[in-house]
Amino acid sequence: MSETPPTIIALSGSLRRASYNTALLRAAIRKAPPEVRVEHASIEEIPLYNADIEAEQGFPEPVRELKERIASAAGLLLVSPEYNHSVPGVLKNAIDWVSRPGSDIPRVFGGLPVAVIGASQGRMGTVLSQAAWLPVLRALGTRPWFEAKLLVSSAQQVFTEAGELTDARVEKELTDFMTGFAAFVVEQGR
Ligand SMILES: Cc1cc2nc3c(=O)[nH]c(=O)nc-3n(C[C@H](O)[C@H](O)[C@H](O)COP(=O)(O)O)c2cc1C
């Protein structure tokens with residue numbers, strides 16, 4: 001019987017149907033080596049964080065589900081757009097919900113291998129967004145992987161309208177990135 005490989009949960013920070021970041025996430029799943037399994041976890045159903053909801057009604061089911069998927073994952077891949085030189089609110093909101101209550105942070109995020117990639121229609125390929133995630137990843141006690149960067153700029157020239165990755169250079173960079181991150185995830189063995 002074959003064992004299930006370590007799972008990397010992948011989140012896209014865009015809810016847009018034709019999102020380049022979700023297209024990049026799908027390509028990352030395809031390019032990941034067989035030593036890991038990359039699963040897309042949607043954040044579409046995550047409501048806006050409200051401490052009153054948490055206190056009075058507890059955790060909404062989509063939050064509970066996402067939290068347990070991350071808690072039992074071997075790694076986390078954030079595929080994040082850049083909004084106004086920083087992180088997109090919807091993805092930060094999802095991570096904020098999952099970080100509650102603070103006493104659960106070590107169980108859910110402690111020592112979790114994390115990588116951040118992203119696609120932008122601009123020329124800088126989400127570099128400022130990726131940097132803006134760093135204090136969040138530190139606050140949560142994760143173990144970010146820094147050995148490679150993947151900055152997809154001019155995304156409208158890299159993906160077709162149907163979201164197919166057609167740029168050979170980006171394809172190679174993504175394959176190398178996923179190979180490196182997968183090796184790190186397996187080595188950390190969370
Ligand atoms: C509110 C907002 C702010 C944006 N700010 C930036 C930015 O700071 N840098 C950048 O490169 N692109 C910026 N963009 C453009 C995004 O790169 C572009 O919309 C991209 O396609 C979003 O990702 P998606 O295709 O996955 O939805 C912004 C877009 C929005 C909607």
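This is a walk through a predicted model, stop by stop, with something to select at each one.

**Stop 1: the ligand**

Start by selecting the ligand and showing the residues around it. You should find Ser14, Arg16, Ser19, Tyr20, Asn21, Pro81, Glu82, Tyr83, Asn84, His85, Ser120 and Gln121. Sorted by class, this shell has 7 polar, 3 nonpolar and 2 charged residues.

Now turn on distances. Which side chains put a polar atom 2.7 Å from a ligand oxygen? Ser14 is one of them, and Asn21 is another. Gln121 also has a side-chain N or O atom 2.9 Å from an oxygen of the ligand. If you like surfaces, the ligand on its own exposes 620 Å², and the protein buries 72% of that.

**Stop 2: Ser12**

Next, select Ser12, which sits in strand 1. Ser12 counts as buried because its relative accessibility is 4%, below the 20% cut-off. Look for two polar links here. The Ser12 side chain has a polar atom 3.3 Å from the backbone nitrogen of Ser14, a residue you just met beside the ligand. The Ser12 side chain also makes a 2.8 Å polar contact with the side chain of Thr22.

Expand the selection to see what Ser12 touches beyond its sequence neighbours up to four places away: Ser19, Asn21, Thr22, Leu25, His40, Ile43, Val79 and Leu91. Ser19 and Asn21 belong to the ligand's surroundings too.

**Stop 3: Ser80**

Move on to Ser80, in the loop between strand 3 and helix 4 (89–98). Is Ser80 buried or exposed? With 0% relative accessibility, Ser80 counts as buried. Show the side chains of Ser80 and Trp133, and you'll see a polar contact of 2.9 Å joining them. Setting aside neighbours within four places in sequence, the contacts of Ser80 include Asn21, Leu91, Val116, Thr126 and Trp133.

**Stop 4: two backbone oddities with positive phi**

Most residues other than glycine have a negative phi. Select Asn84 and Thr126 for two exceptions. Asn84 has a positive phi of about 50° and lies in the loop between strand 3 and helix 4. Thr126 has a positive phi of about 70° and lies in the loop between strand 4 and helix 6 (127–132). Flip between them with the surface on: Asn84 is exposed, with a relative accessible area of 77%, whereas Thr126 is buried, at 0%. Asn84 is also one of the residues around the ligand.

**Stop 5: a cis peptide**

Where is the cis bond? Zoom in on Arg100 and Pro101, which are joined by a cis peptide bond with omega of about -15°. Pro101 is in the loop between helix 4 and helix 5 (105–109).

**Stop 6: the nonpolar cores**

Finish inside. The largest nonpolar core has 32 residues, and the ones touching the most other members are Leu24, Leu77, Phe159, Leu174, Phe177 and Phe181. Color the elements that each supply at least two residues of this core: strand 1 (7–12), helix 1 (20–31), strand 3 (75–79), strand 4 (113–119) and helix 8 (168–188). Helix 8 gives the most, with 8 residues.

Pick Phe159 for a closer look. Apart from neighbours within four places in sequence, Phe159 is in contact with Tyr20, Ala23, Leu24, Val152, Glu164, Leu165 and Thr166. Then hop over to a second, separate core of 29 residues, among them Val87, Val114, Val116 and Leu137.

Technical notes. Residues numbered from 1 in each chain as written. Predicted model: local features only at pLDDT ≥ 70, side-chain atom pairs only at ≥ 80, totals over all residues. Heavy atoms only, no water. Near = heavy atom within 4 Å. Polar contact = N/O pair within 3.5 Å; in protein donor to acceptor, adjacent residues only side chain to side chain. Areas by Shrake-Rupley, 256 points an atom, 1.4 Å probe, with all protein chains shown as cover. Nonpolar A, V, L, I, M, F, W, Y, C, P; charged D, E, K, R; others polar. Core = buried A, V, L, I, M, F, W, Y, C linked by side-chain atoms within 4.5 Å. Buried < 20%, exposed > 50% of the residue type's maximum accessible area, 1.4 Å probe, protein only. Helix = DSSP H or I, 4+ residues; strand = E, 2+ residues; numbered from the N terminus. Contact = heavy atoms within 4.5 Å.
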